[in-house]
Each structure stands twice: as structure tokens, then as C-alpha cells.
Amino acid sequence: MTDDSKLPLPNLDGSSTIPPDLATLVPEDEVNSTSAAELEAVFDVPVKVSAVLGRARMDVGELLRLGPGAVLELDRKVGEAIDLYVNNRLIARGEVVLVEDKLGITMTEIIKADRN
């Protein structure tokens, strides 16, 4: 992946989200008008978020023989980035982290969507 495939995360606290090299092209009052309040209409829209640790392929017979304690070998190595999907669309890659007693994900790369 090239560097242009990574996008900065938006800053929703009301401060400027325009990169410095583009800020001169956008009037200051338009920069500050982009805020979380403008997105408020979509805040309650449900989305499905999935974190894929890896994949495995097996026959139905093998699947039926799995039981407690079975080990399922995935196609990823330890420490390799996991994929984060929103509504079945890959949006980011990240690392699994432990937050208190729960698992979480630290996003390390945002995937730019190809628009056709």
C-alpha cells in the first residue's frame, strides 16, 4: 500500500480538519463550520462493525468435529494487523489491545475507499 491509501481520522471536536497545505484554499469561516453538529443526523444510524482476526477454510466434516478446546489455525501470523469492517466494507487495519478486562482494537491504518 502506498501512503496515499492512508487517510487522517476526522477531528470532530470543532477544530480545523483541513491539512495546512489546503487551509489557504478554504476560507477560515468554512473550516470552522464543519463540526460534529452537522453529522448529528446520522449519529443514531446502526452499523455492523466486525474485526477479522484471520480466516480458515475447511470441509463441513472437519467443522462438525470441532469441539471445546479445538484449535483452529488461521491464515494470519501473530502480530499481523487485523481487518476492521463496517457494514462488510474494509475501513481500517489495526492491532488487538487489552483495555481493562476487554479486548479492543487500535487502528493503525485507515483504508481509503475507491470511488468509481
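## A pocket beside a four-stranded sheet

Sorted by class, the residues lining the second largest pocket are 5 nonpolar, 1 polar and 4 charged. One thing to keep in mind from the start: this is a predicted model.

The space in that second largest pocket comes to about 160 Å³. Who lines it? The lining residues are Leu53, Leu74, Arg76, Lys77, Val78, Gly79, Glu80, Ile82, Glu95 and Val96. The charged members are Arg76, Lys77, Glu80 and Glu95, with Gly79 as the polar one, because Asp, Glu, Lys and Arg count as charged and Gly is put with the polar residues.

**Leu53, a lining residue worth a click**

Leu53 is on the list of lining residues, and it sits in the loop between strand 1 and helix 3 (60-64). Is Leu53 buried or exposed? Neither label fits: it is partly exposed, with a relative accessible area of 49%. That falls in the middle class because buried means under 20% and exposed means over 50%.

If you skip its neighbours within four places in sequence, Leu53 is in contact with Leu74, Arg76, Ile82 and Val96. Those four contact partners also turn up in the lining of the second largest pocket. For a sense of how the chain comes back on itself here, take Leu53 and Ala81: they are 28 residues apart along the chain, with their C-alpha atoms separated by 8.1 Å.

**The overall layout**

Zooming out, the protein has 3 helices and 4 strands. Reading from the N terminus, the elements go α-α-β-α-β-β-β. Of the 116 residues in the protein, 13% are buried. As for contacts between residues at least 6 apart in sequence, 38% of them join residues at least 24 apart.

**The sheet**

The strands make an open sheet of 4, in the order 1-2-3-4, with antiparallel pairing. Strand 1 (49-52) and strand 4 are the edge strands, each pairing on one side only. On average, and with direction ignored, neighbouring strands of this sheet are turned by 40° against each other. As a reminder, strands of a sheet pair through backbone hydrogen bonds, either parallel or antiparallel.

Here is how the pairs line up:

| Strand pair | Sense | Bridges |
|---|---|---|
| Strand 1 and strand 2 | antiparallel | 4 bridges |
| Strand 2 and strand 3 | antiparallel | 5 bridges |
| Strand 3 and strand 4 | antiparallel | 8 bridges |

You can find an example partner pair for each of these. Val49 has Val86 in strand 2 as its bridge partner. Ile82 is bridged to Gly94 in strand 3, and Ile82 is also one of the residues lining the second largest pocket. Arg93, for its part, stands opposite Glu109 in strand 4.

How many residues of strand 2 are buried? The count is 4 of its 5, so strand 2 is mostly covered, given that buried means under 20% relative accessible area.

**Two hairpin turns with positive phi**

Most residues other than glycine have a negative phi. Two turns in this model hold residues that go the other way.

Take Asn87 to begin with. Strand 2 (82-86) and strand 3 are joined by a loop, and that is where Asn87 is found. These two strands form a hairpin with 2 residues between them, and Asn87 in the turn has a positive phi of about 50°. Asn87 counts as partly exposed, at 46% relative accessibility.

Then there is Glu100, placed in the loop between strand 3 and strand 4. That hairpin, too, has 2 residues between the strands, and Glu100 takes a positive phi near 55°. At 75% relative accessibility, Glu100 counts as exposed, because the cut-off for that class is over 50%.

**After the last strand**

Ala113 belongs to the segment after strand 4 (102-110). What is its exposure class? With a relative accessible area of 34%, Ala113 is partly exposed. Its C-alpha atom is 8.4 Å from that of Leu90, a residue 23 positions away along the chain. Leu90 itself falls within strand 3 (residues 89-99).

How values were computed
Residues are numbered from 1 along each chain as its sequence is written. This is a predicted model: local features need pLDDT of at least 70, side-chain atom pairs count only at pLDDT 80 or more; totals for chains, interfaces and linings use all residues. Side-chain values use heavy atoms; hydrogens and water are left out. On a 1 Å grid over the protein atoms alone, a cavity is a set of points where a 1.4 Å probe fits but cannot get out, and a pocket is an open set with protein on both sides within 12 Å along at least five of seven lines; lining residues have an atom within 4 Å of a point. Grid points are joined across faces, edges and corners, and a volume is the space filled by probe spheres set on the points. Buried means under 20% relative accessible area, exposed over 50%, partly exposed in between (1.4 Å probe, protein chains only). Two strands pair if DSSP finds at least two bridges between them. Axes are lines fitted to C-alpha atoms, for helices over the stretch in contact, and angles run from 0 to 180 degrees between N-to-C directions. Contact means heavy atoms within 4.5 Å.
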